[in-house]
Amino acid sequence: MNKKTKTPLFHVAKRAALPWYKAWAIRGAALLLALVLCGVITSLVTGEDPIAVYGAIWKGSFGTPRKFWVLLQNIAMLLCVSLAVTPAFRMRCWNLGAEGQALIGGLACAACMILLPGKLPNWAIILCMIVASLLAGAVWAGIPAFFKARYNTNETLFTLMMNYVATQLVAFFCVVWESPKGSGTIGIINPNTQLGWLPQFPSQKYLLNVLIVAVLCVLVYIYLNYSKHGYEIAVVGESERTARYVGIKVEKVIIRTMLLSGAICGLAGLLLVGSTNHTLTPTIVDGRGFTAVMVSWLAKFNPIWMILTSFLLVFLGRGAGEIATKFGLNRSFGDILTGVILFCIIGSEFFINYEIKFTRGAGKED
Amino acid sequence: MDNKIAAVTMRNITKRFGPTLANDKVWLNIYRGEILALLGENGSGKTTLMNMLSGIYFPDEGEIAIDGKPVVIRSPKDAFALGIGMIHQHFKLVDVLTAAENIVLGLEGKLDLKTAAKKIREICDTYGFEVDPDQKIYDMSVSQKQTVEIVKVLYRGADILILDEPTAVLTPQETDKLFAVLRNMRDAGKAIVIITHKMHEVESLSDRVAVLRHGQFIGDMPTKSTNAQEMTNMMVGHPVVLNIDRPEPDDPKPRVEVRDLTVRDVEGTLKLDHVSFTAMSGEILGIAGISGSGQKELLEAIAGLQPVESGSIEYIADNGQREQLIGKDPLAIQEMGVALSFVPEDRLGMGLVGNMDLGYNMMLRSYRSGKSVFTNRKAPYKLARQMVDFLEIATPSVETPVRRLSGGNVQKVLVGREIANAPSVLLTAYAVRGLDINSSYLIYDTINAQKMRGVAVVYVGEDLDVLLELCDRILVLCGGKVSGIVPGRGAKKRDVGMMMTKLGGNAHE
């Protein structure tokens, strides 16, 4: 107890809710800080002019109309998968199987495109594709949901494992349906007849996806925030005991929500195979099932904010690719910059929720 | 007492949580050899003030001095170094460890449980505790766990002890034991602060009282020179009537008939053993018993939340029609047209959703109404606003998450919603636990109003004085069995207390 009494220089205190403009000022400042930090790192490590690097990142997304449309398409697909996991996440059910659910949706879609031509007219093929994809995704999510609801198994591990099963299934069918023979890949499906290809706007081959996902985004937002189902999801997520107490059938809500989650993943698979790529590979979902987790969390499970967070992640990813080619830098350098920016943005939430108070009049006598 | 140097002097302490001023320029002295009762309504800043003393919060302004020397308390570790120990409402013990292991947990130096056990026994002998150092925490009763908490802070050399509502979870007998120990510690020269809402405890135990209201220090005085009425008035800020009404039941009719109800928990332990009783309309049936005697299971079985092994629970409608409630979940019961309201013990874990605001919590009961797939949000928010006015709920707005409200206000939200349902059966578990006097009386009045409406009220309580004043009949549970049912009017506290610990008690001597 002979310790000298030192008044600490500052302490941390929880803030009241900040007005929105202040919160956004803090986020803006964080982004600015991130850019300055990135600039410093760039010039120190590579000797390149940071302004030129920023220019390249910008051009990676907005350089040409084509790049811009690729950006939009990538945002749409990432957002679609993010919208899929969000209802489950709101229920505190960690569906990490979006990758596999989208892939299995794509597999169902490809199966229809390959097996049905000649048996059904084109419109019926497309109808089958839609139904089959959504159903396949829903089943893939429904299996872990059933076990969670019935036996309280851990959904995180279960959904994660289902990803590998889906990947292997697709790899298997890539060999079964290989074209040309011996290539081990499916190649473009129905390249001449274009049977089963989703109709496109004449000038823009990505516009359909973008529109569908935009509508979906609004629908998911309304579903989660205004519908009775959305309310039940929130209650189950916050407290299962409270849910049971008011007579919500928790098992039913878990299964229903996971089926929805899986079906939207199936839709993502449908759009990837039927609308954009017209082929199927085991890597067609491209890790979006996992990136979606970050998109959803960063936006605090709000579908509208997810437009912004998915844009941010896709934009940074495209920029990283661009500087890699333009400056001959390793692609990892782009990832370092992405990391710095995300660190600052996520870190800014601390300053939105807490304030640092400097102690006034330290050591004053009374 | 005037020339004594205060063990603790708190000067001009201010603490804000955002816009809320939890403590506003509070001055408080704590002396050795004295038991100070810290009084105040829910949310008046008692716990916040003590948390600053024990290093959990750091004051925004003001100074703290120990034995006249200014100190800075940045963490619980600093507080321990200064001899300050706090026993919280919620125990912070590791269930799978023994008492001794919990007590030495986190201390530096070599782990020597034998020496520790010896020292623990010494402490126990000095003050009259009963602790077995080798007993596991999960084997202990609530009161034993509390004893371990107290020994833990004494072991660390605390001579300034703060107890936050220590008696809320204790039976009358356990409370007496605790008080005896506290008096021993006082006589040994320790400074003791006790936060409590129970006036008779303040009067019987403390030497001095200090009152806080809305975060401000209102005054302090020797307990001998004041009384419950004056202290309550100081806490509330205006005169309050300290009487619980007990109107005569108006035309009571059987409403819920429970026959031979037997319940086992998931581990197969017998929780209720052939319990039989009838709850009447227009009557408050009190359930007394040591905590864990089956009260929770009884209410949850009636509410359709607890699987039942055998027996029957019948709801009797006004026209005499009987409906079996066993095997039905809350939704099925609601759909049968039985308006059953339930105020559970675990408010934020079961009755409410802490992260949702008042309006959304009102919606829990009503969101299904209407055919639309969308929720109707106007009605619940309107109900929430009415509730805020009617029950005087202190909240910044109806859009505030309920977890940010103080305990009493959380309870008002829950009780308000359950009553808004216009129930014919109202089940309440520890409806006033942790509530201050003013809120408690508001809840009693509300429950009485329901009784006058003809509702069959089942009131599980822990404060025997209140049970005896409020209830028309009292059912005493002992180890899951009905120890007896006594009329509330004229029952003796001592008899009911005996029935709680021994089947049948000595009521029939």
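Trainee: How many residues of chain A are in contact with residues of chain B?

Mentor: Keep in mind that we're looking at a predicted model. On the chain B side of this contact there are 33 residues. Their partners on chain A number 24.

Trainee: Which elements of chain A give two or more residues to that side?

Mentor: Go through chain A from its start and you meet a strand, β1 (10-14), that qualifies. Two helices qualify as well. So the full set, with helices and strands taken as DSSP runs, is β1 (10-14), α8 (228-238) and α9 (240-245) of chain A.

Trainee: And how many charged residues are on the side of chain A that touches chain B?

Mentor: Split that side by class and you get 8 nonpolar residues and 7 polar ones. The charged class holds 9.

Trainee: Stepping back to chain A as a whole, what percentage of its residues count as buried?

Mentor: Chain A has 13 helices and 2 strands, and its C-alpha atoms fill a box of roughly 95 × 60 × 35 Å along the principal axes. A residue needs 20 or more other C-beta atoms within 10 Å to be called buried. Of the 366 residues of chain A, the share that passes is 42%.

Trainee: Which helix gives the largest share of the largest nonpolar core?

Mentor: That core has 246 residues, and L79(A), C80(A), V81(A), A268(A) and Y459(B) touch the most other members. The largest share is 14 residues, and they come from chain A. The helix is α10 (residues 250-277).

Trainee: Y459(B) is on that list, so which residues does Y459(B) touch?

Mentor: Leave out anything up to four places away in sequence. Part of the set is a run from I284(B) to I287(B), with L285(B) and G286(B) between. The others are T428(B), A431(B), I447(B), L470(B) and C471(B).

Trainee: Are helices α3 and α12 of chain A parallel or oblique?

Mentor: The axes of α3 (residues 65-90) and α12 (residues 303-326) come within 9 Å and cross at roughly 135 degrees. Over 145 would count as roughly antiparallel, and 65 to 115 as roughly perpendicular. Since the angle fits neither, α3(A) is to α12(A) oblique.

Trainee: Is that crossing left-handed or right-handed, and how many nonpolar residues does the contact have?

Mentor: The crossing of α3(A) and α12(A) is right-handed. Among the residues making the contact are L71(A), I75(A) and L79(A) of α3(A), with M306(A), F311(A) and R318(A) among those of α12(A). By class there are 4 polar and 1 charged, while the nonpolar ones number 12.

Trainee: α12(A) also meets α7(A), so which residues of α12(A) make that contact?

Mentor: Helix α7 (residues 207-226) of chain A and α12(A) have axes that come within 8 Å and cross at roughly 140 degrees, and they are therefore oblique to each other. The contact has 7 nonpolar residues, no polar and no charged. From α7(A) come C217(A), V220(A), Y221(A) and L224(A), and from α12(A) come P303(A), I304(A) and I307(A).

Trainee: Which residues does a cis peptide bond join?

Mentor: Look in the loop between α6 (155-176) and α7 of chain A, where P180(A) lies. Omega there is about 0 degrees, and the bond joins S179(A) and P180(A).

Trainee: What is the phi of R92(A)?

Mentor: R92(A) is found in the loop between α3 and α4 (98-115) of chain A. With 14 other C-beta atoms within 10 Å, R92(A) is partly exposed. R92(A) isn't a glycine, yet its phi is positive, at about 55 degrees.

Trainee: Where is D67(B) found?

Mentor: D67(B) also has a positive phi, of about 50 degrees, although it is not a glycine. D67(B) is partly exposed, with 15 other C-beta atoms within 10 Å. Its place is the loop of chain B between β4 (61-66) and β5 (69-71).

Trainee: Last one: is T269(B) buried or exposed?

Mentor: T269(B) sits in the loop between β11 (254-264) and β12 (270-280) of chain B. To count as exposed, a residue may have 12 or fewer other C-beta atoms within 10 Å. T269(B) has 9, so T269(B) is exposed.

Terms used: Residues numbered from 1 in each chain as written. Chains lettered and ligands numbered in written order. Predicted model: local features only at pLDDT ≥ 70, side-chain atom pairs only at ≥ 80, totals over all residues. Core = buried A, V, L, I, M, F, W, Y, C linked by C-beta atoms within 7 Å. Helix = DSSP H or I, 4+ residues; strand = E, 2+ residues; numbered from the N terminus. Contact = placed C-beta atoms within 7 Å. Axes fitted to C-alpha atoms, helices over the stretch in contact; angles between N-to-C directions. Parallel < 35°, antiparallel > 145°, perpendicular 65-115°, else oblique. Left-handed = near helix turned anticlockwise from the far one by under 90°. Nonpolar A, V, L, I, M, F, W, Y, C, P; charged D, E, K, R; others polar.
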